[in-house]
Amino acid sequence: MTWCITTCSFDIDVDLLFQENSTIGQKIALTEKIVSVLPKMKCPHRLEPHQIQGLDFIHIFPVIQWLVKRAIETREEMGDYVRSYSISQFQKTHRLPEDDEFMQRKEKALKTVTDIFEVYKPQRKYKRQTGAEELLDEESKVHATLLEYGRRYGFSRQAGKTEQAEDKKAVLPPGLAAAGRAEPCDEDDLQAAEELRIKTLMTGMAAMATEEGKLTASTVGQIVGLQSDEIKQIVSEYAEKQSELSAEERPERLGAAQQHRRKVASLNKQILQKTKLLEELQAKCADLQAKCTKAKETLTEVKNYSEKLDKELAALETIESQADSGILQSLRALVAMNENLKSQEQEFKAHCREEMERLQQNIETLKAEAAEDGEEQEPNKIIEQQYKAEKEKLQKIRLLLARRNREIAILQRKIDEVPSRAELTQYQKRFIELYSQVSATHKETKQFFTLYNTLDDKKVYLEKEVNLLNSIHDNFHQAMASSGSREQFLRQMEQIVEGIKQNRMKMEKKKQENKMRRDQLNDEYLELLEKQRLYFKTVKEFKEECRKNEMLLSKLKASSS
């Protein structure tokens, strides 16, 4: 409860270090502090100090539930705050690879945006002549300035095609103005007046783009430095661009269909180039994806195999660390002996095969010689005797091998029957847990018995009190009838009061005796706790010394061997 309250950022004046030998005064002070803090936390459940001290689980359990939920919520809130603060502190002095990549891309993006702004910034195409008529109203000045940058505004109603053409259209020079006036116009009077005003403003302007289309010396040097095929491609692209620029400067000379065809041809050519580039990039991307997939599969297989080996090594290390060193050394010696016997058995089998082949060859040669000499009986007997001798020898070796295998199996069973130190520790822990559970159940049962006895005594005393009051009430009117009976009634009352006082004194004395016995048992309990700590400490030191002794013995054996 103290930990939950402290986690919820509420102050409670208590030492968080656990003291299992706290006095009754310290425990009562702690419970009072906990009860005083709960209303400040707006706890919906009420709790008293004696309920905590008496372990009244019915009233303590909902408070514990509420405190744990509140502590979990507070930790989540503080966790988010601490996480954001740690991230901000980390970002002040450190950078992730993603941040460096973002900064590089940011610089490239800013440079690209700046270049685009430089390329597509407004360019002045016309300039008013020095001797032109001065403009008086502000609207004419605005239109003249926009016309200098190739923009034409002022038409409120235009056809779809005329609106598309006017965005890119450049005004004809003054020499071609008359041809433009000769064209038939179906616009209304407002459009005619606006067109007339624009042409009037254009008469006082001169073109600024006289140098467009000329190549500088540096551009020529760069083109000459390239290959011949690229030079031809650049020349063709330059001719197309020049034709497009001339067409844009002279839109009245070309028809709308011819302009549309040229634009469609240029766009188709760009589409073909981009399509070829896209196909090449897609082929490269597919090849790279296949290689990446193959590399990922190989990496996954290697990682799985590595994790499997790590788990097996960790399991072997844990088993080896938990096992007894002496038993482990003997087991290693037995395993080495078993491997040696297996290798000897394989060598013996190979030797037997070689010997059998050699004997078979001898038999064949002897048969051939006997066939030649006509004497077959005596060599056959010799061969049979040798075969029986070798067979008996093989049988003896097999019996010896079986006896050794039985001895190894018996030793392995004996080794398995001896519990290791880890198993003994686990058994000890389980016995301690079982003892704790039995002790808790016994204590709870004892408390129930004590509660029952107390309530039973209380019931007996209450029944006696009720009977006494009933007898007093029944005999009161009869005793008050005469003076003699009254005095007798008063004497009886005094005797009853004296008896009650004597009973009270006996109970007080019994209470003091029980209190002294409780204090004496508490002192004995504290002494036993100190002995238990000393026992655990001694056992721990003994285990450590045993471990050191085993290490020294193993080193001594290794040095002697």
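A salt bridge here is a side-chain nitrogen of Lys or Arg within 4 Å of a carboxyl oxygen of Asp or Glu. Keep that in mind, since several stops on this tour use it. One more thing before you click: what you have open is a predicted model.

**Stop 1: the whole chain**

Show everything as a cartoon. The chain has 16 helices and two strands. Of its 561 residues, 11% count as buried. Switch on a surface if you like: the chain exposes about 47,100 Å², and carbon and sulfur atoms supply 57% of that area. As for contacts with a separation of 6 or more, 65% of them are between residues 24 or more positions apart.

**Stop 2: colour by confidence**

Now colour by pLDDT. The average over the chain is 77, and 78% of the residues score at least 70. Where is confidence lowest, and where is it highest? Select helix H8, residues 177-182, for the low end, with a mean of 39. Then select helix H16, residues 483-560, for the high end, at 89.

Next, pick residues 155-186, where pLDDT stays under 50. The model gives this stretch 30 contacts beyond four places in sequence. Residues 249-254 also have a pLDDT below 50, and that stretch has twelve contacts beyond near neighbours in sequence.

**Stop 3: helix H9**

Select residues 189-202. This is helix H9, with 14 residues, and from first C-alpha to last it reaches 20 Å, close to the 20 Å expected at 1.5 Å a residue. Show its side chains. Gln191, Glu194, Ile198, Leu201 and Met202 are buried. Turn the view until you look down the axis of H9: the buried residues fall within an arc of 100°, so they line one face of the helix. What sits on the face of H9 turned away from its buried side? Select Asp189 and Leu196, which are exposed residues on that face.

**Stop 4: a salt bridge in helix H13**

Time to go looking for charged pairs. Side chains of opposite charge can pair when their charged atoms come close. The count for this model comes to six salt bridges, and we'll visit some of them.

Select Glu355 and Arg358 and show them as sticks. Their side chains meet in a salt bridge, at 1.9 Å from N to O. How are the two placed along the helix? Both are in helix H13 (residues 325-373), three residues apart, so about one helical turn separates Glu355 from Arg358. Are they buried or exposed? Glu355 is buried, at 19% relative accessibility, because the cut-off for buried is under 20%. Arg358 is partly exposed, with a relative accessible area of 40%.

**Stop 5: two more pairs**

Go back to helix H16 and select Glu544 and Arg547. Here the salt bridge between the side chains is 2.4 Å, N to O. The two residues both lie in H16, three residues apart, about one turn of the helix. An α-helix has 3.6 residues a turn, so residues three or four places apart point the same way. Glu544 is partly exposed, at 33% relative accessibility, and Arg547 is partly exposed too, at 36%.

For the last selection, take Arg518 and Asp519. How far apart are their closest N and O atoms? They are 3.4 Å apart, and the pair forms a salt bridge, because the limit is 4 Å. Arg518 counts as partly exposed at 44% relative accessibility, while Asp519 is partly exposed with a relative accessible area of 34%.

Notes: Residues are numbered from 1 along each chain as its sequence is written. This is a predicted model: local features need pLDDT of at least 70, side-chain atom pairs count only at pLDDT 80 or more; totals for chains, interfaces and linings use all residues. Side-chain values use heavy atoms; hydrogens and water are left out. pLDDT is the predictor's confidence in each residue, from 0 to 100. Helices (H or I, at least four residues) and strands (E, at least two) are DSSP runs, numbered from the N terminus. Contact means heavy atoms within 4.5 Å. Buried means under 20% relative accessible area, exposed over 50%, partly exposed in between (1.4 Å probe, protein chains only). Accessible areas come from the Shrake-Rupley method with a 1.4 Å probe; for residues, only the protein chains shown count as cover. The expected span of a helix is 1.5 Å times one less than its number of residues. The arc is that of the directions from the helix axis to the C-beta atoms.
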